[in-house]
Amino acid sequence: MRNKQDELQLLAQHHTYDVIGITETWWDDSHHWNVAIEGYNLFHRNRTKGRGGGVALYVKNSYVAEEMQDCNPGNQLESIWIRIKGTGTQKDLVVGVYYRPPSQDEGLDEAFCQQLTKQAQRRDIVVMGDFNYSDICWKTNSAKSKKSNKFLTCLADNFMVQKVEVATRGSATLDLILTNVEDLINTVEGVGSLGASDHVLMEFAIQRNAETKTSQTRILDFKRADFQKMKELLSGIPWTPILKNKGVKDGWEFFKSEILKAQMQTVPTKKKNKISAKKPEWMSKELLTELKLKSDMHKKWKRGEITKEEFKRIANTCREKVRKAKAQSELRLARDIKNNKKGFFAYVGRKRKKKEAIGPLQGEDGVMATGDREKAELLNAFFASVFSQKESHLQPQQHGMDEGLAEIQPQIGKQAVQEHLASLNEFKPPGPDQLHPRVLKELAEVISEPLAIIFESSWRTGEVPADWRRANVVPIFKKVKKNYPNNYRPVSLTSIPGKILEKIIKEVVCEHLETNAVTANSQHGFTKNKSCQTNLISFFDRVTSWVDTGNAVDVAYLDFSKAFDKVPHDLLANKLVKCGLDKTTVRWICNWLSERTQRVLTNASSSSWKEVTSGVPQGSVLGPVLFNIFINDLDEGLEGTIIKFADDTKLGGIANTPEDRSRIQNDLDRLERWAETNKMKFNRDKCKILHFGRKNGNQRYRMGDAWLDSSVCEKDLGVLVDNKLNMSQQCDAAAKKANGILACINRGIDPGKSCSPSILPWSDHTWNTASNSGHYS
């Protein structure tokens, strides 16, 4: 697409097409932020080898559409297939886009015919694309070449009909629209071109009604909220005397019910609908007139009334006007960023490729789960499967907290709570208790006193309301295949008021850890004045100094399996006691970790609740600090150099002699024993060894009974490190990313302007310190 993306967006928003098929996108990973069209879901497949090629399909986000995973055979075919759900008794419709390079070999031609046959035998289909069969005469259904005749045979065997009757490039019909239901497609016509492309842009109608997404979910309509009335309702409640006579749990339930009751009276709700596409601010009548002129001139060129050069001149003029209008609009946004940050980043967000809804998931039995509830249950079952075995309920006396640990009488002031409430991000989602941060922020002055009373009583008694121990889990896709549950990680959405108390307690815990120098110097994650940069600098400063003095150095990159989810609560409680935290705080944390439950949210559905038997919640405030305490004693007894960023661990040492290498192996054995004792597990397949130094003997090491693989390059906290300590790979990756972004900026900004944004990643600073066209709609 390259320089045609702006015009495509203009056409899509003006004509409100339902489906847009594109071939020869020429996209790669650098285009992910500049390809979205507001109001559409994007499905695409880029060419895996070499430049050029690629296909894409935009589908209106009001339709129920999903990519068909079983259509991807894993070869080099440039095709994509989407199933759009039909309404009522009508069948689902499969829409495909295909690009066939002119020199494609017979093996890939055969693979596409197999794809086509598989879909045509089961469903109603529409396939569009640039097929590049220039010798086929569609009036007589005949061809000269063997490849073309095989293709015609495939169409005949599957009762496919070709609907394009005009030449789409020069005198040849290269761009086709195929269907296995003859009356499914009508009004096929050429409507000009995209940019100055020599392919005709085809427009057609599909005679099928598609199911639109409807949601029964209702959300708060803050635009019509009466917060003043809400404040008046809640200000009249005598909070202090009521809460003083209630326990923590009863007090919390009373507080929550009063907030939700006032909310029902003052904040109306509305049905959660898909956000409709907004027309670009730079779309004007003048630009639409230019596009109409260009379309008319294209028809005149095809009729021979004007020359190709005249049409190209008009097309280029139209493209420049579109680019200039868009660039001026973006320049205004950039200049006004200080006064309108929200508008600027909203615009950038709309340009990014939208996150797709979770598609079908494959269970252990091989059966695909397609319903939202089924997918939620499957993901929740997987997330729960990694938990350690449940221990007995955490009671203070079981962990020696009665011996030598002092009680404290924490005091939480109204002002401190009010400041936390006032700083809430109102755009974050609520937790399972449904108390929205926007509502809490608006009521900060009114509800800070009752919350302070509840927080203080909870901390002193150790009583934790059930709402603070529940979590809505959102699955986040990591990598590889999207239809396997183990390729998703859980992020917990917990109670907003509960998080505020977590923040207050975290401040006390962190102050204790810092004052008493509890946290080992090797930990750089979630630690004051430390970061990824300090981790990399401190470790590789030592490694490079060893290598520079002629030593061989071996470094083990270690990976824990599901580290945050496997932390045993009983062992964590013991370590909280050992680090000297007061009894009151330890008791509250133990009760906060006990009897936790979670459910998974997918699209518009949720799973049933499951018990959380281990781990520190990812997404909580206290979780990272508690994990640091749990892993703090990992260093004990080690002779080599170890450094951590949360659970990302590196172990290294000089490896000149057999004795040196034996010490490294002994350290690995100690770490394996630590993991067994603490009910953790190393992912041995992901643990790697890097050998540095010219005289390195490339010693093999093991963890338990498994030998660790050696590697020549590893990604260390986002930085590529090779065994020669040469940063060329990291620099190449950073330069490629930077050049891709600059290329996109260059295509979208007026050539007369200049800008030089800071786009190189932070890792560079660390190492400086350390040593064709769119055819269908």
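Which backbone nitrogen lies 3.0 Å from a polar atom of the side chain of Ser197? In this predicted model, the partner is the backbone nitrogen of His199. Ser197 sits in the loop that links β10 (185-190) to β11 (202-206). Its relative accessible area is 10%, under the 20% cut-off, so Ser197 counts as buried.

Helix α14 was examined next. This helix covers residues 496-515, 20 residues in total. At 1.5 Å a residue it should span 28 Å. Its end C-alpha atoms are 29 Å apart, which agrees with that expectation. The N-terminal end of α14 is capped by Ser495. Here a side-chain oxygen of Ser495 lies 3.2 Å from the backbone nitrogen of Gly498. After α14 comes Ala517, which has a positive phi, near 50°.

Many positions along α14 are listed as buried, among them Ile496, Pro497, Gly498, Ile500 and Leu501. Further along the helix, Glu502, Ile504, Ile505, Val509, His512 and Leu513 are buried as well. An α-helix has 3.6 residues a turn, so residues three or four places apart point the same way. Several helices help to cover the buried residues of α14, including α6 (248-266), α11 (414-422), α12 (437-442) and α13 (444-461). The cover also includes α18 (583-593) and α19 (623-631).

The nonpolar interior was then considered. In soluble globular proteins, nonpolar side chains tend to be buried together. The largest nonpolar core here has 86 residues. Those with the most contacts inside this core are Leu234, Phe255, Leu421, Ile447, Phe455, Trp588 and Leu671. Helix α13 supplies the largest share, nine residues. Domain 2 (227-267) and domain 4 (533-568 + 615-751) each contribute at least three residues to this core.

Trp588 links this core to the account of α14. Leaving aside residues up to four places away in sequence, Trp588 touches Leu501, Glu502 and Ile505, among others. These three residues are among the buried positions of α14. Trp588 also touches Ser458, Trp459, Gly462, Glu463, Val464, Trp468 and Leu622. A second, separate core has 26 residues, and its members include Leu11, Ile37, Met283 and Leu291.

Cysteines were assessed last. A disulfide is a covalent bond between the sulfur atoms of two cysteines. The count of disulfides in this model is zero. Cys532 has a relative accessibility of 22%, and therefore counts as partly exposed. Cys731, at 41% relative accessibility, is also partly exposed.

Methods
Residues numbered from 1 in each chain as written. Predicted model: local features only at pLDDT ≥ 70, side-chain atom pairs only at ≥ 80, totals over all residues. Heavy atoms only, no water. Helix = DSSP H or I, 4+ residues; strand = E, 2+ residues; numbered from the N terminus. Expected span 1.5 Å × (residues − 1). Buried < 20%, exposed > 50% of the residue type's maximum accessible area, 1.4 Å probe, protein only. Contact = heavy atoms within 4.5 Å. Polar contact = N/O pair within 3.5 Å; in protein donor to acceptor, adjacent residues only side chain to side chain. Core = buried A, V, L, I, M, F, W, Y, C linked by side-chain atoms within 4.5 Å. Domains from an automatic or database assignment. Disulfide = S-S within 2.5 Å.
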